Amino acid sequence: MKALDELTFDNRFARLGDAFSTHVLPEPLDAPRLVVASKAAMALLDLDPAVAETSVFAELFGGHKLWAEAEPRAMVYSGHQFGGYTPQLGDGRGLLLGEVYNEAGEHWDLHLKGAGMTPYSRMGDGRAVLRSSIREFLASEALHALGIPSSRALCVIGSSTPVWREKQERGAMVLRLAHSHIRFGHFEYFYYTKKPEQQAELAEHVLNLHYPECREQPEPYLAMFREIVERNAEMIAKWQAYGFCHGVMNTDNMSILGITFDFGPFAFLDDFDAHFICNHSDHEGRYSFSNQVPIGQWNLSALAQALTPFISVDALKEALGLYLPLYQAHYLDLMRRRLGLTTAEEDDQTLVEGLLKLMQNSGVDYTLFLRRLGDESAELAVKRLRDDFVDLAGFDAWAERYKARVARDGDYTQGQRRERMHAVNPLYILRNYLAQNAIAAAESGDYSEVRRLHEVLCKPFEEQAGMEQYAQRPPDWGKHLEISCSS
Ligand code: AMP
Ligand code: MG
């Protein structure tokens, strides 16, 4: 276990130089204080969890202090936002403080979000508010606990610094961890600004540091792109299987590592709704829940375009062609497991689709339905869950089909079925209204609810004593919360 001053830095991205990022110092927050810290994320840096409570911790991650070996940089990138190309974006309010490596030899980027203005701030103030910092923190750690690849969050630091959004709020910082903060938009930036040397340097950097096994392949860049396609297909399959809606799938928010990244107006589905749009500025539903699948491919094509200097168009097209079949295979595999099935049959796809359609029409809670389905035998569970549906004839037909399918699947005890299903069907997810309750308390200075909710979400599959209130459908006020895009 390390103390805060024992972290070891190796700032590989900073060494790429000024064409890739700009040196900027964090702008401190007034009266920094710990809102919440993740012990699991601290362990990634070998940090002793007790250091989170020290004043130095709040000073470091509130922008007051810096390690001598840190080299804070704002990265430049661009990207396609809502389908249109924006030629220059970049870290407008976040800084890559440096790269730390742990005792296992893993490198982690320390990225401080809300750290003040940079050359890429455009019209923004460089700040993040408490509300959005808490949401990013909870989402990162909750997704990770669900087994969905994501950037991680070490802590949220609150402050008394006023920040103006629709109303006056308080500034906060979230310390994000990832093996890399390189986005699709990094490649797009160097491609569209016609800087082939830097683009080649970037490609080498990503290949050497993050996809070294691709070096062994006859065409290393193509192998790397294929791997990125595969990782994205798997990540998005998990989003769809668990009802996660990202909300702003612009290419500047897509990680080159295939992890969930840059949390804005995201949401987990309460009632199943394929057409759900969590970002209320997304008037056309470009990033609606079901559109995430084709948008994943669209984003990969945008990256492919930026890689045309390195890979032939035919090879890129072929690699892009892997996305949908891989997505479907991962998705179906997960959904089978969520339904308690251990074998595969041709018709399983329509079994899943049939259920989702019924849930959609009756507004059934996606997470709780699947959790309860494993509580009892298929026979008893469908009998009990039937009341949630409006189209009873439709549900009965589905239930008959499901029971027959379960019977064909294998001979196992209810204990085994329950254990297997509960291991993939969470009881606790980050519902918007739960985040909202925790935020309201935190805004009035009480951080206990954020901390409790975080603890609960770290073990989403385990029933936790006294935590029943976190496993409920939202109350009426919490059903259709509009999450502000201004964060
Ligand atoms: P996002 O929608 O959060 O992914 O941000 C898109 C771009 O706007 C990125 O370049 C951000 O760094 C920048 N940005 C967002 N909010 C702010 C802010 N408050 N101040 C400066 N830049 C911002
Ligand atoms: Mg972003």
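A residue counts as buried when its relative accessible area is under 20%. By that criterion, buried residues make up 58% of the 487 residues in the protein chain of this predicted model. The chain's secondary structure comprises 16 helices and 13 strands. Its radius of gyration is 23 Å, close to the 23 Å given by the globule rule for 487 residues, so the chain is as compact as a globular protein of that length.

**The chain as a whole**

- The C-alpha trace spans about 65 × 55 × 45 Å along its principal axes.
- Of the contacts between residues at least 6 apart in sequence, 72% join residues at least 24 apart.
- The accessible surface of the chain amounts to about 19,400 Å², and carbon and sulfur atoms account for 52% of that surface.
- The chain carries 49 positive and 68 negative charges, and the mean positions of the two sets are 3 Å apart.

**Asp252, the annotated position**

- An unreviewed UniProt entry places the feature "active site" at Asp252.
- Asp252 belongs to the loop that runs between strand S12 (244-245) and strand S13 (267-268).
- The relative accessibility of Asp252 is 6%, so this residue counts as buried.
- Beyond its neighbours within four places in sequence, Asp252 is in contact with Tyr77, Ser78, Gly79, His80, Gln81, Leu89, Arg183, Gly185 and Asp262.
- One of these contacts, Gly185, is also among the buried residues of helix H4.

**Helix H4 and its surroundings**

- Helix H4 covers residues 184-192 and is mostly covered, with seven of its nine residues buried.
- The buried residues of H4 are Phe184, Gly185, His186, Phe187, Glu188, Tyr189 and Phe190.
- These buried residues pack against three strands, namely S4 (73-75), S5 (79-81) and S6 (84-86), and against three helices, namely H5 (196-210), H6 (220-242) and H7 (292-306).
- Lys194, just after H4, takes a positive phi of about 55 degrees.

**Buried residues in helices**

- Gln240 is part of helix H6, and its relative accessibility of 4% makes it buried.
- Apart from neighbours within four places in sequence, Gln240 is in contact with Phe289, Ser290, Gln292, Val293, Tyr327, Tyr331 and Tyr366.
- Leu316 is located in helix H8, which comprises residues 313-320.
- With a relative accessible area of 3%, Leu316 is buried.
- Neighbours within four places in sequence aside, the contacts of Leu316 are Phe225, Ala304, Leu307, Thr308 and Ile311.
- Leu316 and Tyr192 stand 124 residues apart along the chain, and their C-alpha atoms are separated by 18 Å.
- Asn432 is located in helix H15, which comprises residues 432-443.
- The relative accessible area of Asn432 is 9%, and the residue is buried.
- Not counting residues up to four places away in sequence, Asn432 touches Arg135, Phe266, Ala267, Leu481 and Ile483.

**A buried loop residue, Ile148**

- Ile148 is situated in the loop between helix H3 (130-146) and strand S10 (152-164).
- Its relative accessible area is 1%, and Ile148 is therefore buried.
- Ile148 and Met235 are 87 residues apart in sequence, while their C-alpha atoms are 6.5 Å apart in space.
- Leaving out neighbours within four places in sequence, Ile148 is in contact with Leu143, Lys238, Trp239, Tyr242 and Thr260.

**Loop residues with positive phi**

- Most residues other than glycine have a negative phi.
- Ala31 has a positive phi, near 50 degrees, and is not a glycine.
- Ala31 occupies the loop between strand S2 (21-23) and strand S3 (33-37), and is partly exposed at a relative accessible area of 44%.
- Arg122, likewise not a glycine, has a positive phi of about 50 degrees.
- Arg122 occurs in the loop between strand S8 (107-113) and strand S9 (128-129), and counts as exposed at 57% relative accessibility.

Conventions. Residues numbered from 1 in each chain as written. Chains lettered and ligands numbered in written order. Predicted model: local features only at pLDDT ≥ 70, side-chain atom pairs only at ≥ 80, totals over all residues. Heavy atoms only, no water. Helix = DSSP H or I, 4+ residues; strand = E, 2+ residues; numbered from the N terminus. Rg over C-alpha atoms; globule rule 2.2 N^0.38 Å. Buried < 20%, exposed > 50% of the residue type's maximum accessible area, 1.4 Å probe, protein only. Contact = heavy atoms within 4.5 Å. Areas by Shrake-Rupley, 256 points an atom, 1.4 Å probe, with all protein chains shown as cover. Lys, Arg positive; Asp, Glu negative; His and termini not counted. Charge placed at Lys NZ, Arg CZ, Asp CG, Glu CD. UniProt positions renumbered as here; feature names shortened; annotations may be inferred.
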